[in-house]
Amino acid sequence: MSKFIETDPSTLRDNPFSMLGKDWALVTVEDPDTGKVNTMTVSWGAMGVLWGKNTVTIYIRPQRYTHEFLEKTDHFTLSFYDGMRDALTVCGRTSGRDGDKIANAGLHLAGEKEYPWFEESKLVFCCNILYRSAFDPAKMADGVDEKNYPAHDYHDVYVAEIVKTLEKAE
Ligand SMILES: Cc1cc2nc3c(=O)[nH]c(=O)nc-3n(C[C@H](O)[C@H](O)[C@H](O)COP(=O)(O)O)c2cc1C
């Protein structure tokens, strides 16, 4: 098992736009009732500061299996990888409803209760949800709804405090 060290997110040197938009990340959640873990790829998200806390914001469409998990818990992890495009593609194209996509992606579960993540990560944010809301199409600028939501499946927004940051030791 690789060694991970706890670090301070304010010392990270990676660029948040490429971390999410270009390299992608995994949102991983444990069902508090069953202990089952699900994960999905995200490339939309935000990192910043809110209410005096370091936060991430993720945007999850309601039809995702992961959404069911997020609705039951206040915790998730957001994890980042070096490459691993094939694994992240499996996690972004298949649903945990239909099989063991964690195994299919070749990922190995690590982490602790409420904060599951993967041995293959290079960086992990352990997160506690602070705020949940749904996008309101009435408040979108012209064109946003038409371009992004032909099925009216508006994302739910989860703003979460980063309570622990783990980096793979060199
Ligand atoms: C590169 C990439 C980025 C994605 N980003 C998001 C996202 O930010 N929000 C979202 O709801 N779905 C996103 N998806 C789609 C989900 O990852 C995908 O539907 C996944 O199969 C859901 O798995 P689940 O049903 O097990 O939760 C993305 C997919 C890919 C390939």
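Okay, let's start with one residue: Trp24 has 20 C-beta neighbours inside 10 Å, so Trp24 counts as buried. Keep in mind that this is a predicted model. Trp24 sits in the loop between α1 (16-22) and β2 (25-30). What is the sign of phi for Trp24, given that it is not a glycine? Phi is positive there, at about 70°.

Right after that loop comes Ala25. Leaving out anything up to four places away in sequence, Ala25 touches Met19, Leu20, Val42, Gly45, Leu78, Ser79 and Phe80. Ala25 also turns up in the largest nonpolar core, which has 34 residues. The members that touch the most other members there are Ala25, Val27, Ile58, Phe76, Leu78 and Cys127. And which strand gives the most to this core? That would be β9 (residues 123-134), with five residues.

Let me zoom out for a moment. The protein chain has five helices and ten strands. Its radius of gyration is 16 Å, and the globule rule gives 15 Å for 170 residues, so the chain is as compact as a globular protein of that length. If you are setting up a box, the C-alpha atoms fill roughly 50 × 40 × 30 Å along the principal axes. Of the 170 residues, 29% count as buried. On the contact side, take the contacts with a separation of 6 or more: 70% of them are between residues 24 or more positions apart.

Now the hairpins. I have two to show you. In one, β2 and β3 pair in the antiparallel sense over six bridges. Val29 stands opposite Asn38 in β3. There are six residues between the strands of this hairpin, and Gly35 takes a positive phi near 80°.

The other one is built from β7 (residues 109-112) and β8, which pair in the antiparallel sense over four bridges. Glu112 has Tyr115 in β8 as its bridge partner. Here there are two residues between the strands. Glu114 is in that loop between β7 and β8, and its phi is near 75°, a positive value in a residue other than glycine. So is Glu114 buried, exposed or partly exposed? Glu114 has 15 other C-beta atoms within 10 Å, so it is partly exposed. Trp24, the other positive-phi residue I showed, counts as buried because it has 20 C-beta neighbours inside 10 Å.

Stay with β8 for a second. In a regular strand the side chains alternate between the two faces of the sheet. What happens on the two faces of β8 (residues 115-118)? Both are covered: Tyr115 and Trp117 are buried on one side, and Pro116 and Phe118 are buried on the other.

On to the part you may want for docking, the ligand. There are 19 residues around the ligand, and Tyr65, Thr66, Gly92, Ser95 and Gly96 come nearest. By class, that shell has seven nonpolar, eight polar and four charged residues. Which elements each supply at least two residues of the shell? They are β3 (37-42), β5 (53-60), α2 (65-70) and α3 (85-93). The largest share comes from β3, with four residues. That is the strand we just saw pairing with β2 in the antiparallel sense.

Last stop, two exposed residues. Val49 lies in strand β4 (residues 45-50). It has 10 C-beta neighbours inside 10 Å, so Val49 counts as exposed. Not counting residues up to four places away in sequence, Val49 touches Asn54 and Thr55. Here is a long-range pair to look at: Val49 and Ile162 are 113 residues apart in sequence, and their C-alpha atoms are 9.9 Å apart in space.

Then there is Ala138, in the loop between β9 and α5 (144-148). How many C-beta neighbours does Ala138 have inside 10 Å? It has 6, so Ala138 counts as exposed. Ala138 and Leu50 are 88 residues apart along the chain, and their C-alpha atoms are separated by 24 Å.

That's the tour. If you scroll through the model yourself, start from Trp24 in its loop between α1 and β2, then go over to the shell around the ligand, where β3 gives four residues.

Notes. Residues are numbered from 1 along each chain as its sequence is written. A residue is near a molecule or strand if its C-beta atom, placed from the backbone, lies within 6 Å of it. Ala, Val, Leu, Ile, Met, Phe, Trp, Tyr, Cys and Pro count as nonpolar, Asp, Glu, Lys and Arg as charged, and the others, Gly among them, as polar. A residue is buried if 20 or more other C-beta atoms lie within 10 Å of its own, exposed if 12 or fewer, and partly exposed in between; C-beta atoms are placed from the backbone. Two strands pair if DSSP finds at least two bridges between them. A nonpolar core is a set of buried Ala, Val, Leu, Ile, Met, Phe, Trp, Tyr and Cys residues joined through C-beta atoms within 7 Å. Two residues are in contact if their C-beta atoms, placed from the backbone, lie within 7 Å. The radius of gyration is taken over C-alpha atoms; the globule rule is 2.2 Å times the number of residues to the power 0.38.
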